[in-house]
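Here are my notes on this model, point by point. Please read them with the coordinates open.

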Amino acid sequence: MSVSLKIENVSKVYDKNIALNHVNLDVQAGEFVCLLGPSGCGKSTLLRLIAGLDSPTEGKIYIGDRDVTGLPPSRRNFGIMFQSYALFPNLTAYENVAYGLRNKKMRNSDIETRVNRLFDMIKLSNAKNRLPSQMSGGEQQRVALARALATEPDFLLLDEPLSALDAKVRLTLRREICKIQRELNLTTIMVTHDQDEALTMADRIVVMNKAVIMQSGTPEQIYENPENPFVADFIGSINFINAKEGAPYGLVKGETAAIRPEKIQITRSEQEGSLKGTIQDIEFRGFYDRVTVGLSHVVHGDIALAVDVPFQTAKTMRFRTGKNVYLVIPREEVLQFETA
């Protein structure tokens, strides 16, 4: 695939606050990229720079081979969708979607054809004549998506578009956005702090923290092979063990070990290489139980490891707090990070 967007050594400084610090990123044509990170990490700032809503302090932004660093938003051909919907309250859903097309002086017949096609796509053809105040949050967000797509942009930019919605609506819209993005083969960049959204929607996740990119990769790469403790901790749940001489797993002094809760095996009887522990806590989480097991004298002191156990397995094993169990930690599943 050709490079659709290139961010080259971009920094952004507000007064003395560094919002972005020498960021480099290539986005391929048709790719769905999620910018993921905690509040204040720089992800929304990066989206604003891509959109042309703000200018970088230094660095360049290219669309294809064209330097767009100094160009206004109107010359970048993107559609944008915000968390707050930003629909015109006095216009019907139809007129909200048609607004940008009327500004382009399109013929009414062409506007009607395109808008109707978009309402079919977002499955809201029966709501075209409603005002935003007559629609649910999920319906308003669908209209905002249709409006962002109406001008047939080269890019779709999404700034935490689902965070204000309830859980079920959010899941439905995730699927709809992904389906539409694939149908249109539309280059899409979405800002989110929700790891589940990033893991389920993105072709590639860009994890950010403190104004820099910590790691970029597919959801599988980010989850299975995090490059540093921050990424390992931010994506999914994980147990950290500060390894010292004499610790299990054969780690050298100064390394940090980590393992995800679902990678640990738990049994009621001792096995070769297993570690004896005591159940400290059990949390029911729907399709699995999270069992916290305390281990004594493993790393020159006591530690507790979280273990995720499928609910039916946990039910069969009849776990109880205070009971002894044994943990098997597969060496190949242990992540190792050098201590900074």
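1. Buried here means under 20% relative accessible area. Cys 34 has 0% relative accessibility, so Cys 34 counts as buried. Cys 41 has 1% relative accessibility and is therefore buried too. Keep in mind that this is a predicted model.

2. How many disulfides does the structure hold? It holds 0. A disulfide needs two cysteine sulfur atoms within 2.5 Å. For Cys 34, the closest cysteine sulfur is in Cys 178, 8.1 Å away, which is too far for a bond. For Cys 41, the closest cysteine sulfur is that of Cys 34, at 12 Å, again too far for a bond.

3. Strand E9 deserves a look. E9 covers residues 204-209, and 6 of its 6 residues are buried, so the strand is largely enclosed by the rest of the structure. In a regular strand, side chains alternate between the two faces of the sheet. Both faces of E9 are covered. On one side sit Arg 204, Val 206 and Met 208, all buried. On the other sit Ile 205, Val 207 and Asn 209, also buried. Note that an arginine and an asparagine are among these buried residues.

4. Which strands pair with E9? One is E3, residues 32-36, which runs parallel to E9 over 4 bridges. Val 33 stands opposite Arg 204 of E9 in this pairing. Another is E10, residues 212-217, which is antiparallel to E9 and joined to it by 5 bridges. Here Met 208 has Ile 213 of E10 as its bridge partner.

5. E9 and E10 form a hairpin with 2 residues between the strands. Lys 210 takes a positive phi there, near 50°. Please check that backbone on screen.

6. A further sheet is open and has 3 strands, in the order E11-E12-E18, with antiparallel pairing. Strands E11 (239-242) and E18 (335-338) stand at the edges. Each has a single partner strand, so one side of each is left without a neighbour in the sheet. The twist averages 25° from one strand to the next. E12, residues 255-259, pairs with E18 over 4 bridges, in the antiparallel sense. Ala 257 has Gln 336 in E18 as its bridge partner.

7. Now the internal voids. Searching the whole structure gives 2 cavities of 30 Å³ or more. The largest has a volume of about 40 Å³. Its lining consists of Leu 5, Ile 50, Ala 51, Ile 63, Arg 76, Phe 78, Phe 155 and Leu 157. Helix H1 (43-51) and strand E7 (155-159) each supply at least two of the lining residues. By class, the lining has 7 nonpolar residues, no polar ones and 1 charged.

8. What lines the second largest cavity? The residues are Leu 145, Leu 149, Leu 156, Ile 177, Ile 180, Gln 181, Leu 184 and Leu 186. The space inside is about 30 Å³. Helices H4 (137-150) and H5 (167-184) each give at least two residues to this lining. The largest share, 4 residues, comes from H5. By class, there are 7 nonpolar residues, 1 polar and no charged ones.

Terms used:
Residues are numbered from 1 along each chain as its sequence is written. This is a predicted model: local features need pLDDT of at least 70, side-chain atom pairs count only at pLDDT 80 or more; totals for chains, interfaces and linings use all residues. Side-chain values use heavy atoms; hydrogens and water are left out. Buried means under 20% relative accessible area, exposed over 50%, partly exposed in between (1.4 Å probe, protein chains only). Two strands pair if DSSP finds at least two bridges between them. Axes are lines fitted to C-alpha atoms, for helices over the stretch in contact, and angles run from 0 to 180 degrees between N-to-C directions. On a 1 Å grid over the protein atoms alone, a cavity is a set of points where a 1.4 Å probe fits but cannot get out, and a pocket is an open set with protein on both sides within 12 Å along at least five of seven lines; lining residues have an atom within 4 Å of a point. Grid points are joined across faces, edges and corners, and a volume is the space filled by probe spheres set on the points. Ala, Val, Leu, Ile, Met, Phe, Trp, Tyr, Cys and Pro count as nonpolar, Asp, Glu, Lys and Arg as charged, and the others, Gly among them, as polar.
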